[in-house]
Amino acid sequence: MPVSRPLASIALVTAVALTGTLPGAPAEAGAAQPGAPGIGDPYYPEDGNGGIDVRHYAIDLTYAFDPAELSGSTTLEIEATSDLSSFDLDFLLPVDAVTVDGVDAAFSKPSEHELQITPATALAKGDVASVRVEYDADPSAVSWENPGDPGGERSWMADEQEVVTANEPHMAPWWFPSNDHPRDKATFDISITTDAGKNVIANGEQVGDPVVVGDQATTHWRMKEPMATYLAFFAAGHFAVRQGTTDGIPWVAAVSKQFGTATRRGYLRLVRRSGPITAWLRSELGPYPFDSTGGLVTPLNAIPYAFALENQSRPTYQGGIDEITEVHELAHQWFGDAVSVRRWKDIWLNEGFASYMEHRWTEDHGGETTRQWLDHDFRDLAGSAGFWRVNVTDPGANVNTELFDTPVYERGALALAALRNRIGKHAFDGLLRDWAAQHRDGSATVGMFEHAAAQAAGHPMDRFFHAWLVADRPPRRTAANGF
Ligand SMILES: [Zn+2]
């Protein structure tokens, strides 16, 4: 059963983050200490953990549809970044057993979201350990109260025929124990056993053919490039699956057979466009960061409007798909997936950039130019006081009303269109390509981008970025602001 976390302990964790104590830093050299329960994210104090760096996840799970049950184990290869008497992982499901390097370890759930593991022998800074967690639960029953969704976040999506684990900013704690923060990326093996005859799709490339035993089949996918935990996914169900290669980029397209035949055909045609769209983005942004692309379309959707998520190498489209949304999710492969947010408040680096690329696509395919879009959209929005009150560099933690609020996308994209006008197309294109290359497989902050832009411009850009991202009123219509 979910347990509400006491408010007092949330306040305590927040205070640790604000006072700047390094998570997991030992009080005295040589003394093994418990790792901090959070990595220090200002929005989500429990996300991630101190004292560990996960290198690899080997997820090996069985999913039963009726009754719904997820069971098996996840094995993490972790490196201790401080001397640890115990450490936390982020996980909402009840746990059956934990071993560290094959030896039984003590474990507890000090709060709903935290799994605290005490190995038989303390870990020294630099130690690499294999941590195996066994569990068996129905994730659909779990809701989690956190600053992003005080009413209780529910990320699990499944019906009697299909399951898709895709959500943001939190998905992993519903299906595998992790260091759940985009700052700590790792490689993944995802093996899912379910009814033979169903398809299993996940990130990266499939390893061999499914292994069938009786009426069950195990399908193994591998993501070889570092991946943030919220971008890891699997889907199981009856899917129409097509594969191919476009301009040297392999793709996997999957559409749920729960859609009617005509709808499914239309969606398949669209999701097969992942190949050419990825190739176009590569021509704009530089090398594609992963080994394959594609997408998956499902009718499962937790919200009453179409939703899509940039799952690494294979975005998911919930409730439907259209071309411009594909451009957005595939642009995230560079902005969000390869270059991740250092803190969730840096979300502009994901959403503003992916939204800008939608307009760049339109411009390059015979539609209005980004300059025309900037002019008319700015005119339309100039009188919308609420729109300009959102500080795009710090929109707030609430996932329903703040983190993904419209201005994060639209004001964020307008800022980039204006930046392109201000510093020139050549410098701007180079800035985006250099940004994607320099921070690939890592994470970055808004401040780091502003610094890179000032360097590309050859002069300070503080006033420009303040006007476009922070000020509580529209930027003045000046050449300095990119008009
Ligand atoms: Zn997006």
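These exercises work through a predicted model, one step at a time.

**Exercise 1.** At what angle do helix 3 and helix 4 pack, and are they parallel, antiparallel, perpendicular or oblique?

Solution.
- Step 1: Find the two elements. Helix 3 covers residues 274-285, and helix 4 covers residues 323-331.
- Step 2: Read the geometry. The angle is about 55°, and the axes lie 10 Å apart.
- Step 3: Apply the cut-offs. Angles under 35 degrees count as roughly parallel, and 65 to 115 as roughly perpendicular. Helix 3 and helix 4 are therefore oblique to each other.
- Step 4: Add the handedness. The crossing of helix 3 and helix 4 is right-handed.

**Exercise 2.** Which residues of helix 3 and helix 4 meet?

Solution.
- Step 1: Helix 3 brings Ser-274, Ile-277, Thr-278 and Leu-281.
- Step 2: Helix 4 brings Glu-323, Glu-326, Val-327, Leu-330 and Ala-331.
- Step 3: Sort the residues of this contact. Five are nonpolar, two polar and two charged.

**Exercise 3.** Which protein donors does the zinc ion have? Are His-328 and His-332 buried or exposed?

Solution.
- Step 1: The donors are His-328 (NE2), His-332 (NE2) and Glu-351 (OE), 2.0 to 2.1 Å from the zinc ion.
- Step 2: Along the chain, their spacing reads H-x3-H-x18-E.
- Step 3: Buried means under 20% relative accessible area. His-328 has 7%, so His-328 is buried. His-332 has 0%, so His-332 is buried.

**Exercise 4.** Where is Phe-91 found?

Solution.
- Step 1: Phe-91 sits in the loop between strand 4 (84-90) and strand 5 (95-100).
- Step 2: Its relative accessibility is 0%, so Phe-91 counts as buried.
- Step 3: Beyond its neighbours within four places in sequence, Phe-91 contacts residues including Lys-109, Tyr-135 and Trp-175.

Terms used: Residues are numbered from 1 along each chain as its sequence is written. This is a predicted model: local features need pLDDT of at least 70, side-chain atom pairs count only at pLDDT 80 or more; totals for chains, interfaces and linings use all residues. Side-chain values use heavy atoms; hydrogens and water are left out. Axes are lines fitted to C-alpha atoms, for helices over the stretch in contact, and angles run from 0 to 180 degrees between N-to-C directions. Helices (H or I, at least four residues) and strands (E, at least two) are DSSP runs, numbered from the N terminus. Angles under 35 degrees count as roughly parallel, over 145 as roughly antiparallel, 65 to 115 as roughly perpendicular and the rest as oblique. A crossing is left-handed if the near helix is turned anticlockwise from the far one by less than a right angle, and right-handed if clockwise. Contact means heavy atoms within 4.5 Å. Ala, Val, Leu, Ile, Met, Phe, Trp, Tyr, Cys and Pro count as nonpolar, Asp, Glu, Lys and Arg as charged, and the others, Gly among them, as polar. Donors are N, O and S atoms within 2.8 Å of the metal (3.2 Å for Na, K and Ca); water is not among the atoms, so sites may look incomplete. Buried means under 20% relative accessible area, exposed over 50%, partly exposed in between (1.4 Å probe, protein chains only).
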